[in-house]
Amino acid sequence: MTETRCKDQVILDLWHPLAALSEVPAGVVVGTILLEERLSLASDGTGKVAVWRSRRDLPVDGPVDITAVEGTLPVKLAYGYVWTSLGNPPADIFPIPEYAEADRRKLNAATFGVNVSAPRAIENFLDMGHFPYVHTDILGAEPHTEVKEYDVEISVDRDEILATRCRFFQPMASTTSDGGADVDYIYRVPHPYCSVLYKSSPMDETRLDVIAVFLQPVDQEHVRAHMLLCVLDEDNEDKVIKRFQQTIFGQDKPILENQFPKRLPLDPRAETPIRADKSAIAYRRWLSQKGVTYGVIPAAT
Amino acid sequence: MITLYDYELSGNCYKLRLLMGMLGIEWKTVPVDFYPGREHKSDWFLKINPLGQLPVIDDDGLILRDAQAILVYLASKYDASGSWYPRDNPALLGEISQWLAFADGITGTASAARLHDALFYDFDVEAARAGAHRLFRILDEHLWFGEQEGRSWICSAAQPTIADIACFPYIMLSEEGGIPRQDYPAIRRWCDRVKRIKGFSVMSGVFPAGPAKAA
């Protein structure tokens, strides 16, 4: 067994995203970092991908025949991304059933490097309170600043956090919006470093757009943030849909990078939550219950 | 109408959006998927700009590249007040050109560090950060001495010039490249003054300033 830098077995055993499959060139070694380990990956161009610990004989940007690579790590292709694990991963990645719906636009909005711990980034993703101040005139606007009462549960059988009945006034909820509207949100946290949100589709009031953030922990205080869009939009080019989401994420970035302390404190007394932070409180408790130590400041025992 | 080939997260594109907003010019945006799509290296874009760089404008058939060059053009053509690029003041034009070149240096350092950290460009990030700090130190001292002489802007003029616009974006975005600005108080005060210019607009990563304190 190879010695790993990360000693958190819960995190080691997870599936972690490395790259959007559409952005991995065929037959060429791509380098990345996961949990402080240098990894390499390559695709054969027909949907097969290999991931391995980086080695000198297979340099980044060099050619590779993936069938000849020995000692590869587990690989899963899900939601348009390449996933791997440095431990003993579960058989399946958490489900996003909407991804199978044929009429959705499925895109990697971008993969951005962010100077933040993965749990801090998840918490920000769950927070509606910042919409009017950080995403002014897009996801919120004064005076519509109130985060109305919503429900949060930790689902035991699915082992995930679910926040429902969230509702927020948004001037421009998506590329298909034609004006301000009250938008319904559902948040899921099915993985310590991944979250999936569902929001009202301006195109079809019976369906929800899906936006997910999959965080690749580079180390305890840096991530590569992969943003999946799985939305209903018949009008706009891919790049317009991506641009909208990148604009939002670019607004969050300085907020994320200025969080202090960088690792998420799990002690309930460490930071003072308000009612709107209900989902964040559940998230911190869930991480504590799982025994996660990587990217957090564990509660004193 | 002006067409701007634009990427939202580009500080160089933001320079043009900023000045056009301040001058009250209307424009049309053609989004370019700079990242992750690398559309600025695509065949259709290379026909517009063989350098494969953003931004580019098309003003009624006149195609121009290079943020600094376009600032010169826009101010010369559309600024009725003549204050952003005063064509009748040779000394000031010299100063402006000097600081436009300096702005290119900021792009080569502070912006490079940001591209390394956020978009995984293979640059020597330590060299880029050191280079940015060297330029920020020079600009901070220049602005500090200017303040002592009652000057608010980079050049020796009572009004802001395109030099201020050219230097502003990648200074404001420097923290995304791991370049903090706490050691540059005169730069921070100048950034707030730029944010209070009439017609100022933000981009992702740049927040508006609060109202100035009454003097």
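According to UniProt, in an unreviewed entry, residues 115-289 of chain A carry the feature "domain: Vanillate O-demethylase oxygenase-like C-terminal catalytic"; UniProt positions are given here in the numbering used for this model, feature names are shortened, and annotations may be inferred rather than shown by experiment. Before we look around, keep in mind that this is a predicted model, where local features need pLDDT of at least 70, side-chain atom pairs count only at pLDDT 80 or more, and totals for chains, interfaces and linings use all residues. Residues are numbered from 1 along each chain as its sequence is written, while chains are lettered from A and ligands numbered from 1 in the order in which they are written.

Let's stay with that stretch of chain A. Over residues 115-289 the chain is 26% helix and 33% strand, and the C-alpha atoms at its ends sit 26 Å apart. Helices (H or I, at least four residues) and strands (E, at least two) are DSSP runs, numbered from the N terminus.

Now look for the sheet. Chain A has an open sheet of 7 strands in the order E7-E13-E12-E11-E10-E9-E8, with antiparallel pairing; two strands pair if DSSP finds at least two bridges between them. At the edges you'll find strand E7 (105-114) and strand E8 (151-155), each pairing on one side only. On average, neighbouring strands of this sheet are turned by 20° against each other, direction ignored. Zoom in on strand E12 (residues 208-219) and strand E13 (residues 222-231) of chain A: they run antiparallel and are joined by 9 bridges. In this pair, A:Leu215 stands opposite A:Ala225 in E13(A).

Something lies across these strands too. Helix H2 (residues 118-126) of chain A crosses several of them, including E7, E12 and E13, and runs at about 165° to E12(A). Such axes are lines fitted to C-alpha atoms, for helices over the stretch in contact, and angles run from 0 to 180 degrees between N-to-C directions. Contact means that the C-beta atoms of two residues, placed from the backbone, lie within 7 Å.

Elsewhere in chain A, strand E1 (residues 16-20) is mostly covered, with 5 of its 5 residues buried. A residue is buried if 20 or more other C-beta atoms lie within 10 Å of its own, exposed if 12 or fewer, and partly exposed in between, with C-beta atoms placed from the backbone. E1(A) pairs with strand E6 (residues 81-84) in the antiparallel sense over 4 bridges, and A:Ala20 stands opposite A:Tyr81 in E6(A).

For a loop, try A:Asp267, found between strand E14 (264-265) and helix H5 (278-290) of chain A. Because A:Asp267 has 14 C-beta neighbours inside 10 Å, it counts as partly exposed. Leaving aside neighbours within four places in sequence, A:Asp267 is in contact with A:Ala299 and A:Ala300.

Over to chain B, which has 7 helices and 4 strands. From the N terminus on, its elements run β-α-β-α-β-β-α-α-α-α-α. Buried residues make up 42% of the 215 residues in chain B.

A good helix to pick out is H3 (residues 67-78) of chain B, whose 12 residues reach 16 Å from first C-alpha to last, close to the 16 Å expected at 1.5 Å a residue; that expected span is 1.5 Å times one less than the number of residues. Among the buried residues of H3(B) are B:Ala67, B:Ile70 and B:Leu74. What covers the buried residues of H3(B) includes helix H1 (11-23) and helix H4 (90-119) of chain B.
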